[in-house]
Amino acid sequence: MPKKIGIIERYAEFLPITDKTPIVSLNEGNTPLIISEALPKEFNLDFKVYYKFEGLNPTGSFKDRGMTMAVSKALEEGYKAIMCASTGNTSAAAAAYASRSGLKCFVLIPEGNIAKGKLLQAYRYGAKVIQIKGNFDDALNLVKEITDSHPVKLVNSINPYRIQGQKTAAFEIVDELGKAPDYHLIPVGNAGNITAYWMGYKEYKEHGKNKTLPKMCGFQAAGSAPIVENRIIENPETIATAIRIGNPASWDGAVNARDESGGLIEAVTDEEIKWAYRFIAERDGVFAEPASCASVAGLIKLVKRDYIKPGSTVVCTLTGSGLKDPDIALSFDDEVITVDSNKDKVLDAMNLKL
Ligand SMILES: *Cc1c(COP(=O)(O)O)cnc(C)c1O
């Protein structure tokens, strides 16, 4: 039986670690690349679409890939505590890896704007959770200030080890496809992940693993699209809370990935995100959180203007699990049916036409 190992052991030669690095792992990574059956049928596509489903990581998002690296290095450097600002998934991952390593974990989150599943993870993994009356960008500024002047390690994606860990998702895709995809579509919030994938594809190419590079296509939520609008958004708004960010930390990395790869960064509306969110769950059996579905919403936008060449291979990263956000999941009023406890009423409601 091949043993399931984490990304540091699997890709050690590509990561900045030494024999002395204590590896803190929860067997993250090695997530499935699931081919879409429903999208090609619905839109009559002449190319293949895969979901890189990062919701199947140990804490339910891709953040685990970066956190195994950041926490292992913090431990190696002798830190006793870590801290992050978070729209939710970073705090869930930080809390879990801190729990495993014995480090203390402090998380700063914007009050009221965190999906419930993420908040409960931070508490249950034992982090000290502090909600602030401000947004994510305010929280990150505070974390920077505090970690600059105290012996606490910052584990947001401006910590370079996070990006190092996250680039391994690109390695996995190339290992599985035997090549790089032609297009890689990805949600963009703080822009660490698009930066990481681009780094991963380029590094793997230098090692001869892939001969080509994908066009990187990033998608922001329309009410929260600083890179698309080329300005800081003071009060970002979107139902996709994981990408509700007005001043991305890796802004330059994202622009660089877009320009070097000949790709694009565009916006998708909350309506488009919701449509994609329901479609891939109801028709392809893949349940990802709203922010994740910005990549699929983006794909549909690109399909409508024939951007993607026939015969291509497209990968959409689905960044996190749908279970993270129960409030959104149960917010579609048209779905709720309640009838009397009576066979005829139930049959009526079933509207059985098979
Ligand atoms: C963090 C996160 C994002 C955004 O990733 P960035 O690296 O900040 O661009 C998107 N979706 C989910 C589910 C996330 O947790």
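Here is a short tour of this predicted model, one selection at a time.

Before you click, note that residues are numbered from 1 along each chain as its sequence is written. Because the model is predicted, local features need pLDDT of at least 70 and side-chain atom pairs count only at pLDDT 80 or more, while totals for chains, interfaces and linings use all residues; side-chain values use heavy atoms, with hydrogens and water left out.

**Stop 1: the parallel sheet**

Select β5, β4, β3 and β6, and you have an open sheet of 4 strands in that order, with parallel pairing. Strands pair if DSSP finds at least two bridges between them. Strands (E, at least two residues) and helices (H or I, at least four) are DSSP runs numbered from the N terminus. Look at the edges: β5 (128-132) and β6 (153-154) each have a single partner strand, so one side of each has no neighbour in the sheet. Now zoom in on β4 (residues 104-110), which pairs with β5 in the parallel sense over 5 bridges. Pro110 stands opposite Ile132 in β5.

Add helix α6 (residues 136-149), which packs on this sheet and touches β3 (81-85), β4, β5 and β6. Touching is contact, meaning heavy atoms within 4.5 Å. The direction of α6 makes about 155° with that of β3; axes are lines fitted to C-alpha atoms, for helices over the stretch in contact, and angles run from 0 to 180 degrees between N-to-C directions.

**Stop 2: the ligand**

Which residues are closest to the ligand? They are Lys63, Asn89, Asn190, Ala191 and Thr319, among 15 that surround the ligand (a heavy atom within 4 Å). Try some polar contacts, which are pairs of N or O atoms within 3.5 Å. A ligand oxygen is 2.6 Å from a side-chain N or O atom of Lys63. A ligand oxygen is also 2.8 Å from a polar backbone atom of Ala191, and one is 3.2 Å from a polar backbone atom of Gly192. The protein covers 97% of the 380 Å² of accessible area that the ligand has on its own (Shrake-Rupley method, 1.4 Å probe).

**Stop 3: the mixed sheet**

Next, select β1, β2, β10, β7, β8 and β9: 6 strands in that order form an open sheet with mixed pairing. Here β1 (33-35) and β9 (264-268) stand at the edges, each with a single partner strand. From one strand to the next, the twist averages 25°. β1 and β2 (residues 48-53) run antiparallel, joined by 3 bridges, and Ile35 stands opposite Tyr50 in β2.

**Stop 4: the end of a helix**

Finish at α15 (residues 343-350). At its start, a side-chain oxygen of Asn342 comes within 2.9 Å of the backbone nitrogen of Asp344. Just after α15, Asn351 takes a positive phi of about 50°.

Methods:
Polar contact = N/O pair within 3.5 Å; in protein donor to acceptor, adjacent residues only side chain to side chain.
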